[in-house]
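User: Please take a close look at the backbone of this model, loop by loop and strand by strand. Then tell me what lies around the ligand.

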Amino acid sequence: MKNILEIHDVRKYFPVKSTISSLFNPGKRIYKKALDGVSLHIPEGRVSVLVGESGSGKTTLARIILRAIDPDTGSIIFNGSNITRKTGKELLSFRKQAQMIHQDPYSSLNPLMKVFDIIKEPIDIFYKYYSKEERIKKILTVLNDVNLKPAGEFAEKYPHMLSGGERQRVAIARALVIEPKLIIADEPVSMLDVSIRAQILQIVRQLSINRKITVFYITHDLATSRYIGDEISVMYAGKIVESGQIDRVLSNPLHPYTQALLDAISEPRFDNIDKQKVIRIKNFDSAPAESGCRFFNRCPYSMEICKKEPILETKEQNHKVSCFLYDKNENGVQLSNC
Ligand code: SF4
């Protein structure tokens, strides 16, 4: 399967504000490692999920892919072309093919513009040669595609006249209207009512299938990723700790962090009401380790060897994990029964 997007060993460190100890060591600047050697392959026409807690580096990665910020090192290959340092017309051409759906449908739409003009804006930038009739037809078509019907009526509304779910559909329509090859959806349902999250995810999933668009879905919520994803990568403290085909990873999670994320999902079933929840994690509040396995401080299985850096390696059928528990050469321990 062809990869539309390849991320190779991307690093991004942000300088941290001065602390008291750094005042006594002025030569020693402290950095937060937002991304620390991230490599990912996103197959064309599929929905790939990136899951991780807040602050794990997910949004930084999205911003680097879209060239809103530059990585310190590493490269981004889009459709076979290295876009890491592209500028000018080449960057514009990439941006025509890659669009973003943001988390907050309340602040991502201009409140002074009608829905029609909001969706027309990217056409005005990227398809200047379209006639007025072509523009109207395209706008009404995408409004229909995201189930904002009757499209003509919705086109005349302002954002404040819409619900959160309807606003997010407008944001999806705006991303779709220039027919991108890749959509990056950064927590697109996290600010919506639970009752309409599934509808929005269903729309994104269906559009990906019908229009053959690759979707990179970023979320902290493992529960929603099941509904939409084909592949999944799990990120912790700026590193990918597990990846693979989504059913395989969620039915047999290998990394202790993925296991803890799955433990934390609440299944709304009647027989769960009195069940004691067991989440396989220790020291909930402890920060990621600075070196070695970043999950060391929270991992219930940590060992001496985990002070070294584990490598993301394939264990079975493209299911990769970065954990010494599966490194037979090091200690021969297997965690599959945990
Ligand atoms: Fe836990 Fe060690 Fe695996 Fe890290 S490498 S997740 S500390 S067992």
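Analyst: First, the naming. Helices are DSSP runs of H or I with at least four residues, strands are DSSP runs of E with at least two, and both are numbered from the N terminus. The model is predicted.

Start with the loop that follows α5. P150 sits between α5 (132-145) and α6 (151-155). The peptide bond from K149 to P150 is cis, and its omega is near -5°. Most peptide bonds are trans, and most residues other than glycine have a negative phi. Both halves of that rule have exceptions here.

Which phi values are positive? N79 has one of about 55°, although N79 is not a glycine. N79 belongs to the loop between β4 and β5. How exposed is N79? Its relative accessible area is 28%, so N79 counts as partly exposed. K212 is another case: its phi is positive and near 55°, and K212 is not a glycine either. K212 lies in the loop between α8 (194-211) and β8. K212 is exposed because its relative accessibility is 67%, and the cut-off for that class is over 50%.

R67 comes just after α2 and has a positive phi of about 65°. The helix before R67 is mostly covered. Six of the eight residues of α2 (residues 58-65) are buried. They are K58, T60, L61, A62, I64 and I65. An α-helix has 3.6 residues a turn, so residues three or four places apart point the same way.

Q317 adds a positive phi of about 35°, in the turn of a hairpin made by β11 and β12 with two residues between them. Strand β11 (residues 313-316) and strand β12 (residues 319-321) are antiparallel and share three bridges. In one of these, E313 is partnered by V321 of β12.

Now the sheets. Strands of a sheet pair through backbone hydrogen bonds, either parallel or antiparallel. Both senses occur in this model.

Take the antiparallel sheet first. It is open, with four strands in the order β2-β1-β4-β5. Its edge strands are β2 (31-43) and β5 (81-82), each paired on one side only. Inside the sheet, β1 (residues 3-15) and β4 (residues 73-78) are joined antiparallel by five bridges. The bridge partner of I7 in β4 is I76. Follow the chain out of β4 toward β5 and you reach the loop that holds N79.

Parallel pairing appears at β3. Strand β3 (residues 47-51) and strand β8 (residues 214-219) share five bridges in the parallel sense. V47 is bridged to V215 of β8. β3 also runs parallel to β9, with four bridges between them. There, S48 has E231 as its partner.

How much of β3 is covered? Five of its five residues are buried. V47, V49 and V51 point one way, S48 and L50 point the other way, and all are buried.

The chain leaves β9 (231-236) through a loop that contains G238 and leads to β10 (239-245). G238 has a relative accessible area of 0%, so G238 is buried. Its C-alpha atom is 8.5 Å from that of G55, although the two residues are 183 apart along the chain.

One helix residue deserves a similar check. I123 is part of α4 (residues 115-126). I123 counts as buried because its relative accessibility is 0%. I123 and I139 are 16 residues apart in sequence, and 9.3 Å separates their C-alpha atoms.

Finally, the ligand. The space it takes is the largest cavity. Around the ligand are H255, P256, C293, F296, C299, Y301, S302, C306, C323, F324 and L325. What is the character of that shell? Nine of its residues are nonpolar, two are polar and none is charged. Several cysteines appear among them, including C299 and C323. C299 is buried because its relative accessibility is 8%. C323, at 14%, is therefore buried as well, since the limit for that class is under 20%. The structure holds zero disulfides.

Technical notes: Residues numbered from 1 in each chain as written. Predicted model: local features only at pLDDT ≥ 70, side-chain atom pairs only at ≥ 80, totals over all residues. Heavy atoms only, no water. Near = heavy atom within 4 Å. 1 Å grid on protein atoms, 1.4 Å probe; cavity = no way out; pocket = protein on both sides within 12 Å on 5 of 7 lines; lining within 4 Å. Sits in = over half its atoms within 2 Å of the grid points. Nonpolar A, V, L, I, M, F, W, Y, C, P; charged D, E, K, R; others polar. Disulfide = S-S within 2.5 Å. Buried < 20%, exposed > 50% of the residue type's maximum accessible area, 1.4 Å probe, protein only. Pairing = 2+ DSSP bridges.
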